[in-house]
Amino acid sequence: MKNGKSLVELAQELERQSQAKKDFVASTETMEMTPGGQLILDNSSSDDTYDFSLTEVAHTQISQRLNIPLKYYKRMRED
């Protein structure tokens, strides 16, 4: 039998996830992609800088948005 979390543990995990999530609305002018594939978001109004790792889904969406064939986009990332 598989054991899961107790109701208290589940509530604590949901609370942790709720506090950890953030949504951002940002101009593309405030974003920068590093050579290592990190996305840097510079929020000049609050002097905060955020650093994000991108998933494969995000890279696929970027290639589609920029009309770059995915195969070529992946090759550019590797080289």
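The exercises below concern a predicted model of one protein chain. Local features need pLDDT of at least 70 and side-chain atom pairs count only at pLDDT 80 or more, while totals for chains, interfaces and linings use all residues. Residues are numbered from 1 along each chain as its sequence is written, and side-chain values use heavy atoms, with hydrogens and water left out.

**Exercise 1.** State how many helices and strands the protein chain has, and the pattern they follow.

Solution. Helices (H or I, at least four residues) and strands (E, at least two) are DSSP runs, numbered from the N terminus. The count gives 3 helices and 3 strands. Along the sequence their pattern is α-β-β-β-α-α.

**Exercise 2.** Compare the radius of gyration of the protein chain with that of a compact globule of 79 residues, then find the share of buried residues.

Solution. The radius is taken over C-alpha atoms, and the globule rule is 2.2 Å times the number of residues to the power 0.38. For 79 residues the rule gives a value near 12 Å, but the protein chain has 18 Å. Along its principal axes, the C-alpha trace spans about 45 × 40 × 20 Å. Next comes burial: buried means under 20% relative accessible area, exposed over 50%, and partly exposed in between (1.4 Å probe, protein chains only). Of the 79 residues, 10% are buried.

**Exercise 3.** Describe the aromatic pair of Phe 24 and Phe 52 and place both residues in the chain.

Solution. Rings of Phe, Tyr and Trp (its six-membered ring) pair if their centres lie within 6.5 Å; planes under 30 degrees apart count as stacked, over 60 as edge-to-face and the rest as tilted. The whole structure holds 3 aromatic pairs. In the pair of Phe 24 and Phe 52, the centres are 5.5 Å apart and the planes stand at 75°, so the pair is edge-to-face. Phe 24 lies in the loop between helix H1 (7-20) and strand E1 (31-33), and Phe 52 in strand E3 (residues 48-53), so that the pair links distant parts of the chain, 28 residues apart. Phe 24 has 36% relative accessibility and counts as partly exposed; Phe 52, at 28%, also counts as partly exposed. Ring pairs link these two residues and Tyr 50 into a cluster.

**Exercise 4.** Locate Glu 56 and list its contacts beyond four places in sequence.

Solution. Glu 56 belongs to helix H2 (residues 56-65). Its relative accessibility is 45%, which makes Glu 56 partly exposed. Contact means heavy atoms within 4.5 Å. Setting aside neighbours within four places in sequence, Glu 56 contacts Lys 74 and Arg 77. Glu 56 and Lys 74 are 18 residues apart in sequence and 9.8 Å apart in space, C-alpha to C-alpha.
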